[in-house]
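Visitor: Could you walk me through this structure?
Guide: Happy to; let's look at it together.

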Amino acid sequence: MKKFNIRKVLDGLTAASSSSSATAQPGTPRENDVVQETLQSEHFQLCKTVRHGFPYQPSSMAFDPVQKILAIGTQTGALRLFGRAGVECYCQHEGNAAVIQLQFLINEGALVSALADDSIHLWNLRQKIPAILHSLKFNRERITYCHLPFQSKWLYIGTERGNIHIVNVESFTLSGYVIMWNKAIELSTKTHPGPVVHISDNPMDEGKLLIGFESGIVVLWDLKCKKADYRYNYDEAIHSVAWHHEGKQFVCSHSDGTLTTWNVRTPAKPAQIITPHGKQPKDGKKPEPCKPILKVEYKTTRAGDPFMVLSGGLSYDTVGRRACLTVMHGKSTAVLEMDYPIVDFLTLCETPYPNDFQEPYAVVVLLEKDLVVIDLGQIGYPIFENPYPLTIHESPVTCCEYFADCPAELIPALYSVGCRQKRQGYSKKEWPISGGNWGQGTQSYPEIIITGHADGSIKFWDASALMLQVLYKLKTAKVFERARGKEEKPNTDIVDEDPFAIQTLSWCPESRMLCVAGVSAHVIVYRFSKQEITTEVVQLLEVRMQCEFSDVDSPDPGGEQTPTLPTPGASSSPQESELPTQPSTGSNSSDGPRDNIPCLQVRSSPLKQSPGNQVELVIQLVWVSGEPPQQITSLAINSSYGLVVFGNSNGLAVVDYLQKTLLFNMGTSELYSPSDPYQRQPRSPRKAKPSGATCDSNDGSNASEDRCRSPTSDARDNSFTRSRSSSVASIDRESREAISSFYFCESFPRKTDCLVSPCLLVGTTHGSVMMVALNLPPSGDQRLQQPVGIASCGTLVQLKGGILTMALLDATGTLLPPFFEQWYDPNASDEEKEKSRKRRPASPPSSQESQDSHFAILCSEKQAKVVALPSQTRIYKHSITETSFVLRADVVQMAGANCITCFCANGHIMTLSLPSLRPLLDVNYLPLTDMRIARTFCFSNLGQALYLTSPTEIQRITYSQETCDNLQEMLSELFTPVETPEAPNRGFFKGLFGGGAQSLDREDLFGETAAGKASRSLAQHIPGPGNMEGMKGAASGVVGELARARIALDERGQKLGELEERTAAMMASAESFSKHAHDMMLKYKDKKWYQL
């Protein structure tokens, strides 16, 4: 685990810094005298914690049958290890070369990885953060296949040239023993046999090595005699080879879809040739060729027929058919279709010994985007229920939010509604990959991650204690009519695909109110209920948000708004969706330009809503005079006020979701007061149609990447702009001021106020922060009948760059979060509602006009400011970055205090103290490589953060020194001490007359004494980093002294056991001979010689 050096910043440095200024207004006491800041740079350190999700672009797999640990390698050099549910580990090879093969040192807590750059590495898994002990880089040959026999320290390496080299895994040095390809094949063969595609030793004779060459030649090599015993030739290329456990037969899979079975002592021709998926012609000819069988495994059982498992081999006429795994057992053949192409598979068996009945019980199938485990012990081969969080990418992730330290009852509530969504038909057995132990972490606060997806689904995840488990899935697309055919596919002019994709969301954990905005300019408000309901008519509100610059002389009539009344011409009451039946085309029809039509059609039939989040209200922006609605750039919900606010490049709208009315709909420029020094002047009218800047998904590969990018980043860097519109429209769109941030609070909307009241802070992409006053009716029936008053109070302050986050502190520096309403079940009885409903008590109003009692914390893409309220004087200012810009900023709680956390496009992660804005942390962590990171990066309380590091994986990090210090305890353990199962008993007669498994002293054969030294130029040894826990020096090797002693004792005990068996057999034989001799003597002792 890489830990980063942190640039520690001395306290008080900010006072002398040119980029940060702290000024106090006359008559106002220095805030340092009032607010005691406790956070110091020593509280911060940045490090990665865990990675969740499916390994991106998997390439190889291995399983330890004793430790029951699964390892998966990827095309980018990553290594993921899985044990029981909650036991996961991530490692990364340097150089990012693809992992082509993995081999466990079974029950030794070690793993060998072979990479596409022709290097092999030995990983120590006995420490919580695995580390490389040794590496070996081949210089002249390309690695194609590796094989490590069970309980052996000698690793066979097959190469592209057809040679086999042998490596001592303890010292990671090459043996002088080499099997050259020209010695292995017949001298009469004139062509090269091709790369080595298979190596394995005979299960019953370790001295015989089976070598498979790509061209179709298989050689049984005698290691002692250094010659080929048998050679087996077949016309078709070989992909894999598998032994029968008795060592008398093996099976090869070929490129024409055939399986050939060979008797070891009959090399002339195969004992059997079958084409599992080939059509058998009636005239007795050879079946038609099929696709290659990429892998075959041959596993025996004591009580029944053997299993043959294979991937590939389908006939060529199955065009478009999904990848299949075939299980042949006796006379039955099962073809199991997979959702994605098969990368690799492994058959899990009861014994690690290759010379015993294998007793297979499951098959692990690694797919390109999934991991499936099949139960071989049940009829129909059901799959096991996967306990790992591997479905993050089920639909591409478009947004992400992280909530640490949630209400304690929230996770059980989400789990109770989510458990009803689970599929049925899984295997009844326990998950077979069950190794490792959970960490002993002390952090026990609840953590929830919410992911929004391209198909409109939202997933809630339990992220507590460095684990991840899906709790509940919400499908927002159920609210809308589904297209029945390809021709009726919803066509909106602002998205080419995924019209239901989630763009942003706002969630109140205390009230469980959820508000989501989709790319089709729609907002859905959800309440949480534990009871199922059927909604006859989905409540719909259509909002017309017009561009304020569509006409210079006449301002937008939709924006003229009295503070307390709904907008004229806008929907102010619940209504059913009244939409045309023809599909939306977005082009001007014969009836004129499209107008007042939303992008999606809300379903008109009754909606059955399961327990969980249930639709309260759907808000849709409509077309205006032939132009599609602009996508929503910011969103907020407040359960205490009953309000939802959202904004885009046209302005902002406030909706009362209790009364289902539109309260406020105003263009951005009209939020500025007439005397405002920051007021925008109207520009020339737009001549071109906007192109939907934040949702350009014409090139399918990047559609999900760029669908939901931050609106504030449009004009900051060319790499962030993917518009394909005309240059005039692009300039106009990017110069338009959009709403970028909201914050509900109870403060002082105006300078003259002496009492706090509900208000809304509004931030824009041009750096303006405006205050909007809210006048709420009393709670109860009056709240549902009287209108909410809203009035814009003008600009509070101006910052450089778009506003990203805002917050409010009281005079003591304590964070004042938005008020909320405690959750109650909307479908419960009235009595239960009244018991649970309660509004958070308001903070006591300040009666001193001269004394500032609140601090507004404001952070933009370039700087942070602290403004005192109600005087609206700037107290502190800090320039965060000059050359880059901030992508994500959050005000978080940390170590009992508050700070601002920032993630910049140049990769820096920074924290600033509050309210003085002292730099506490600045680490160059992760340069922005794609929009996925920018779209999903988020900070949370207590030093936690995350981002999507690949399309399928979430990377969690911490910026807390305390968490970094405790990380070792919190991480799970991969290796646990387990006794190796006893070797199979060979029986009396095999021990007496020979036969059974033949052992081989490989040390005598491959050691330096017998084999000599290998060429130094062939491979270069690279010692691993010295970061080892519980391993005293890399030179001692992976086994370690204790483990080595244990193995020696095991081997000695095994040999003593064999000697004892042989001695007993000899004694029995001698006793039998003595008895027979005595009987013979008694029979003939009294007879004369001529009577014999």
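Guide: One cut-off first: a residue counts as buried when its relative accessible area is under 20%. Please keep in mind that this is a predicted model.

Visitor: Is Tyr361 buried or exposed?
Guide: Tyr361 sits in strand β28, which spans residues 360-367. Its relative accessible area is 16%, and the cut-off for burial is under 20%. Tyr361 is therefore buried.

Visitor: Which side chain is joined to that of Tyr361 by a polar contact of 3.5 Å?
Guide: Beyond its sequence neighbours up to four places away, Tyr361 touches residues including Phe63, Lys68, Glu350 and Pro432. The polar contact of 3.5 Å runs from the Tyr361 side chain to that of Lys68.

Visitor: How far apart in space are Tyr361 and Glu350, C-alpha to C-alpha?
Guide: Glu350 is among the residues that Tyr361 touches. In sequence the two are 11 residues apart. From C-alpha to C-alpha, their separation in space is 7.3 Å.

Visitor: Which strand gives the largest share of the largest nonpolar core?
Guide: That core has 43 residues, and Val769, Leu796, Ile857, Ile880 and Ile900 touch the most other members. The largest share, six residues, comes from strand β49.

Visitor: Why is strand β23 described as largely enclosed by the rest of the structure, and which residue of β24 is the bridge partner of Lys299?
Guide: Six of the seven residues of β23 are buried, so the strand is largely enclosed. β23 pairs with β24 (residues 307-312) in the antiparallel sense, over six bridges. In β24, the partner of Lys299 is Phe307.

Terms used: Residues numbered from 1 in each chain as written. Predicted model: local features only at pLDDT ≥ 70, side-chain atom pairs only at ≥ 80, totals over all residues. Heavy atoms only, no water. Helix = DSSP H or I, 4+ residues; strand = E, 2+ residues; numbered from the N terminus. Buried < 20%, exposed > 50% of the residue type's maximum accessible area, 1.4 Å probe, protein only. Contact = heavy atoms within 4.5 Å. Polar contact = N/O pair within 3.5 Å; in protein donor to acceptor, adjacent residues only side chain to side chain. Core = buried A, V, L, I, M, F, W, Y, C linked by side-chain atoms within 4.5 Å. Pairing = 2+ DSSP bridges.
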